[in-house]
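Biologist: Please pick one small part of this model and take me through it slowly. After that, I'd like to see how it fits into the rest of the chain.

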Amino acid sequence: YKVYCDGNKGGIGCGGCIQNYYSTNCDKFCKSYDNFTCDTNGNHTCKPNYYNTTCNVYCAPTSQYTCSNNGSRECLGRWTGDDCDTQTPCPSGQFGGNCSVNCTEVPNQYTCNSTTGDKVCESHWTGKECDSCATDYYSSNCTTFCQASTAWNCSNTGEKECLGHFEGQNCTLCQTGWY
């Protein structure tokens with residue numbers, strides 16, 4: 001025999017609700033959609049990245065923003081604007097994604113990469129900190145050039161030091177008493 005249930009009741013012995021109806025009286029209608037599902041009481045439960053009481057606001061967090069409980073974008077770091085698509089510049093001397101790299105340019109020694117803040121050595125300087133003279137450059141400002149040869153070595157200051165018994169600017173003259 002067939003049992004007929006009252007209202008939106010259904011199931012064995014009319015102990016449940018028919019499809020898309022919820023609550024103890026089966027009087028709350030809720031049908032799941034792409035942006036939400038229905039809990040056992042017929043309330044909307046937003047799917048990931050959907051917000052608001054009706055789950056009609058879409059917001060997927062990125063590296064530029066997170067999403068509030070109502071789905072509005074909350075800009076991160078230096079990102080600004082309604083869409084968090086404008087990045088404010090770092091204060092002078094600070095660089096990097098969150099302005100955490102400090103770099104102050106030293107004229108004639110190094111500049112700072114405008115994105116990363118890494119030191120960019122000027123000519124005649126080398127090293128991560130641009131604090132060493134490049135090959136064949138000497139003195140406190142790395143401007144004295146001296147390239148060693150078979151006739152001379154270079155001192156720490158870039159002065160030619162003649163080898164053997166030679167002297168003169170290019171070590172081509174015999175020292176006194178040597179021929």
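**A close look at Cys26**

Modeller: Let's go with Cys26, which sits in the loop between β3 (21-22) and β4 (28-29). Keep in mind as we go that this is a predicted model.

What is Cys26 bonded to? Its partner is Cys17, and the two sulfur atoms are 2.0 Å apart, which makes the pair a disulfide. In general terms, that is a covalent bond between the sulfur atoms of two cysteines. As for the twist of this one, the torsion about the S-S bond of Cys17 and Cys26 is about -85°, so the disulfide is left-handed.

Is Cys26 buried or exposed? Its relative accessible area is 1%, and because anything under 20% goes down as buried, Cys26 is buried. Cys17, at the other end of the bond, has 31% relative accessibility, so that cysteine counts as partly exposed.

Now for the company Cys26 keeps. If you skip the neighbours within four places in sequence, Cys26 is in contact with Asn8, Lys9, Gly16, Cys17 and Tyr21. So the bonded partner, Cys17, turns up in the contact list as well, because contact here just means heavy atoms within 4.5 Å. For a sense of the distances along the chain, try Cys26 against Glu161: they are 135 residues apart in sequence, and their C-alpha atoms are 102 Å apart in space.

The loop that holds Cys26 has another residue to look at. Ser23 is also found in the loop between β3 and β4. Its phi is positive, about 90°, although Ser23 is not a glycine. With a relative accessible area of 25%, Ser23 is partly exposed. Further along there is a serine to set beside it: Ser139, in the loop between β19 (137-138) and β20 (144-145). Phi of Ser139 is near 90°, again a positive value in a residue other than glycine. Ser139 counts as partly exposed, at 25% relative accessibility.

Back to the sulfurs. How many disulfides does the model have? The count comes to 12. One of them joins Cys30 and Cys38, with 2.0 Å between the sulfur atoms. Its S-S torsion is -85°, which is left-handed. Here both cysteines, Cys30 and Cys38, are buried.

Another disulfide joins Cys162 to Cys171, S to S 2.0 Å. The link of Cys162 and Cys171 is left-handed too, with -85° about the S-S bond. Cys171 is buried, at 4% relative accessibility, whereas Cys162 is partly exposed, at 26%. Then there is Cys174, which is in no disulfide: the nearest cysteine sulfur belongs to Cys162 and is 11 Å away. A disulfide needs sulfur atoms within 2.5 Å, so that gap rules out a bond for Cys174. At 36% relative accessibility, Cys174 counts as partly exposed.

Some ring contacts are worth a look as well. There are four aromatic pairs in the count. In one of them, the rings of Tyr50 and Tyr58 have their centres 5.1 Å apart and their planes at 65°, so the pair is edge-to-face. Tyr50 is partly exposed, with a relative accessible area of 25%, while Tyr58 counts as exposed, at 51%. Elsewhere, Lys160 lies over the face of Trp152, 4.2 Å from the ring centre.

Finally, zoom out to the whole chain around Cys26. The protein chain has 24 strands and zero helices. Its radius of gyration is 39 Å, well over the 16 Å that the globule rule gives for 179 residues, so the chain is more spread out than a compact globule. Along the principal axes, the C-alpha atoms fill a box of roughly 135 × 35 × 15 Å. Take the contacts between residues at least 6 apart in sequence: 0% of these join residues at least 24 apart. Buried residues, Cys26 among them, make up 22% of the 179 residues. The accessible surface comes to about 12600 Å², and 48% of that belongs to carbon and sulfur atoms.

Methods:
Residues numbered from 1 in each chain as written. Predicted model: local features only at pLDDT ≥ 70, side-chain atom pairs only at ≥ 80, totals over all residues. Heavy atoms only, no water. Buried < 20%, exposed > 50% of the residue type's maximum accessible area, 1.4 Å probe, protein only. Helix = DSSP H or I, 4+ residues; strand = E, 2+ residues; numbered from the N terminus. Phe/Tyr/Trp six-rings, centres within 6.5 Å; stacked < 30°, edge-to-face > 60°. Lys NZ or Arg CZ within 6 Å of the ring centre and 35° of its normal. Rg over C-alpha atoms; globule rule 2.2 N^0.38 Å. Areas by Shrake-Rupley, 256 points an atom, 1.4 Å probe, with all protein chains shown as cover.
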